[in-house]
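Good morning, everyone, and thank you for making the time. I would like to walk you through one structure today, going from the overall picture to the sheet and then to some of the helices.

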Amino acid sequence: MSQKVAVLGTGKIGEALLSGMIRGGWTPADLLVTARRPERAEELRARHGVTPVTNPEAAKTADTLILTVKPQDMGALLDELAPHIPADRLIISGAAGIPTSFYEERLAPGTPVVRVMTNTPALVDEAMSVISAGTHATAEHLAHAEEIFGSVGKTLRVPESQQDACTALSGSGPAYFFYLVEAMTDAGILLGLPRDKAHDLIVQSAIGAAVMLRDSGEHPVKLRENVTSPAGTTINAIRELENHGVRAALIAALEAARDRSRELASGNN
């Protein structure tokens, strides 16, 4: 790859992205990183061969800037970067809830901005990254963002108006599955299984179910019905889930996550 890419505020997700890009063909010498702590920057250099720089140096040097700081820190970062970013730089935002207009208002007129919401399975190259164009971003900019984030999983283009919903579904999504596995593990212990065996049973069931959902082409209702025998164990369990309002609770939870994403966008931290 000939373009220089800088990851600013390189935490776990940022490092996973760097690692995936290197495996995907980027040359470490073309990858720049910034970090709040100097020792963290040196750790990234030693581990990946990338070049630590300051935020202004990244703005002046890189063709693409990937901003991975927390939403509440983004305003201060843009204030630091704005004097140094030419209008032809591509800005990729990885911060939840912040619209592309937030960046466009603070940077040089015409600066292309792409908004991306990825998730923690980027750490194992199974991320779901949702990509939206700002006012000045072209198809080429979107393709470049897809190339970068495609190195750690799948990508999906959506209108920016759908980003808050995607944040609720996939950005926060892994936590819901971890929560479910935690609850099912506790249930397994209650039913008399050792914790490690309950964990192994549930994790492999989750992996198998996910692969079936991905590869079978069947609707999830059909796959569930295939497991649900008349008067059997599964239908009794599902009846209890319905009696306890699990479906309604999930819908309400995702609505709450979407609403919080909108609050972050409005500056309500």
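What follows is a short tour of this model, which I should say at the outset is a predicted one.

Let me begin with the chain as a whole, which has twelve helices and eight strands. Its C-alpha atoms fill a box of roughly 70 × 40 × 35 Å when the box is taken along the principal axes. Of the 269 residues, 37% count as buried, and if we take the contacts with a separation of 6 or more, 62% of them are accounted for by residues 24 or more positions apart.

Now to the sheet. The eight strands form an open sheet with mixed pairing, and the order across it is β3-β2-β1-β4-β5-β6-β7-β8. At the edges stand β3, residues 51-52, and β8, residues 153-157, and because each has a single partner strand, one side of each is left without a neighbour in the sheet.

I would like to spend a moment on β6, and to ask how enclosed this strand is by the rest of the structure. Five of the five residues of β6, which covers 113-117, are buried, and so the strand is largely enclosed. Both of its faces are covered, since on one side we have Val113, Arg115 and Met117, and on the other Val114 and Val116, and all of these are buried.

As for the neighbours of β6, strand β5, residues 90-93, runs parallel to it and is joined to it by three bridges, with Ile92 having Val114 as its bridge partner. Strand β7, residues 127-133, pairs with β6 in the antiparallel sense over four bridges, and here the bridge partner of Val116 is Ile131. If we carry on from β7 to β8, these two run parallel and are joined by five bridges, and Ile131, which we have just met as the partner of Val116, stands opposite Arg157 in β8.

Turning to the helices, α4, residues 74-81, lies across β1 (5-8) and β4 (64-67), and runs at about 155° to β4. Another helix, α6, residues 139-149, holds His144, and you may wonder whether this histidine is buried or exposed. At 14% relative accessibility, below the 20% cut-off, His144 counts as buried. Leaving aside residues up to four places away in sequence, His144 touches Gln3, Val5, Trp26, Thr64 and Leu90. By contrast, Met74 lies 22 Å from His144, C-alpha to C-alpha, and 70 residues from it in sequence.

Finally, let me take the helices α7, α8 and α9. Helix α7, residues 163-171, packs with α8 at an angle of about 35°, their axes being 5 Å apart. The residues that make this contact are Ala168, Leu169, Ser170 and Gly171 from α7, together with Gly173, Pro174 and Tyr176 from α8, and by class that gives four nonpolar, three polar and no charged residues.

Helix α8, residues 173-190, also meets α9, residues 195-215, where the axes come within 9 Å and cross at roughly 135°; the two are therefore oblique to each other, and the crossing is right-handed. On the α8 side the residues are Val181, Met184, Thr185, Asp186, Gly188 and Ile189, and they meet Arg195, Ala198, His199 and Ile202 of α9. By class, this contact has five nonpolar, three polar and two charged residues.

Thank you, and I am happy to take questions.

How values were computed
Residues are numbered from 1 along each chain as its sequence is written. This is a predicted model: local features need pLDDT of at least 70, side-chain atom pairs count only at pLDDT 80 or more; totals for chains, interfaces and linings use all residues. Side-chain values use heavy atoms; hydrogens and water are left out. Buried means under 20% relative accessible area, exposed over 50%, partly exposed in between (1.4 Å probe, protein chains only). Two strands pair if DSSP finds at least two bridges between them. Contact means heavy atoms within 4.5 Å. Axes are lines fitted to C-alpha atoms, for helices over the stretch in contact, and angles run from 0 to 180 degrees between N-to-C directions. Angles under 35 degrees count as roughly parallel, over 145 as roughly antiparallel, 65 to 115 as roughly perpendicular and the rest as oblique. A crossing is left-handed if the near helix is turned anticlockwise from the far one by less than a right angle, and right-handed if clockwise. Ala, Val, Leu, Ile, Met, Phe, Trp, Tyr, Cys and Pro count as nonpolar, Asp, Glu, Lys and Arg as charged, and the others, Gly among them, as polar.
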